[in-house]
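Here are my notes on how the two chains meet, set out as numbered points for you to read beside the structure.

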2 protein chains.
Amino acid sequence: MALQKLTPQEQTEALARPELEGWSLVDGREAIKRTLTFKDFNAAFGFMTRVALYADKADHHPEWFNVYNRVEVTLATHDVQGLSVRDVELAKFINQIYHQ
Amino acid sequence: MALQKLTPQEQTEALARPELEGWSLVDGREAIKRTLTFKDFNAAFGFMTRVALYADKADHHPEWFNVYNRVEVTLATHDVQGLSVRDVELAKFINQIYHQ
């Protein structure tokens, strides 16, 4: 089955789930974003490395910006030009390891 | 000796060196930037990991954005509110491993 684009209602429902705490829609674009802060660069890049391993395995990659202890992540699905279940899954994974 | 801010002439000289090929000044800010592209995300993140190890050892960190195979790096030195020899050294290291 081809990857489906989330409907606006599905987006709203996904973002309301406790597992997606901290994520919000990007203005003017069908994407979600979250900013995460860590103790220092070492911790931030350690986090990024865990996400990178997940992302490359899932073949679904984040857009992200890092400066020192801060990481800004944006998720969207190129293939559907919007949000898909892959973004929800990656956002959940990010929250899981962020809260560890 | 405290870290010195590069003078405009030193900046120009540094950017003219072949080792700093591809780097340019950021508009409206004392910083340098370069965009690098790789075969895929795996190669891009492998590069970022090498830079991260260097950066954390040198205690001098990049600002960077990554999406899939593209990495946009910005370098500046917070302590001098501008460019220092640390940025030149990090830019040289980045070019070295990029050309490998």
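1. The model is predicted, and within it the rule finds 4 residue pairs in polar contact across the interface of chain B and chain A, counting pairs in which both residues have pLDDT 80 or more. The count of salt bridges between chain B and chain A is 0.

2. On the side of chain B that touches chain A, two elements, α2 (41–58) and β3 (63–67), each supply at least two residues. The helix α2(B) gives the most to this side, with 7 residues. Sorted by class, this side of chain B has 9 nonpolar, 4 polar and 2 charged residues.

3. As for extent, the contact takes 15 residues from chain A and 15 residues from chain B. The size of an interface is often given as the accessible area lost when the parts come together. By that reckoning, chain B and chain A bury about 1400 Å² between them, and 69% of this area lies on carbon and sulfur atoms. Within chain B, the residues that lose the most area to chain A are B:Phe41, B:Phe45 and B:Trp64, which together account for 37% of what that side buries.

4. The strands also deserve a look, since the pairing crosses from one chain to the other: β3 of chain A, residues 63–67, pairs with β3(B) in the antiparallel sense, over 5 bridges. Within this pairing you can find A:Val67 opposite B:Glu63, a residue of β3(B).

Key: Residues are numbered from 1 along each chain as its sequence is written. Chains are lettered from A and ligands numbered from 1 in the order in which they are written. This is a predicted model: local features need pLDDT of at least 70, side-chain atom pairs count only at pLDDT 80 or more; totals for chains, interfaces and linings use all residues. Side-chain values use heavy atoms; hydrogens and water are left out. Contact means heavy atoms within 4.5 Å. Buried area is the accessible area (1.4 Å probe) that two parts lose on being put together, summed over both. A salt bridge is a side-chain nitrogen of Lys or Arg within 4 Å of a carboxyl oxygen of Asp or Glu. A polar contact is a pair of N or O atoms within 3.5 Å; within protein, one must be able to donate a hydrogen and the other to accept it, and residues adjacent in sequence count only if both atoms are side-chain atoms. Helices (H or I, at least four residues) and strands (E, at least two) are DSSP runs, numbered from the N terminus. Ala, Val, Leu, Ile, Met, Phe, Trp, Tyr, Cys and Pro count as nonpolar, Asp, Glu, Lys and Arg as charged, and the others, Gly among them, as polar. Two strands pair if DSSP finds at least two bridges between them.
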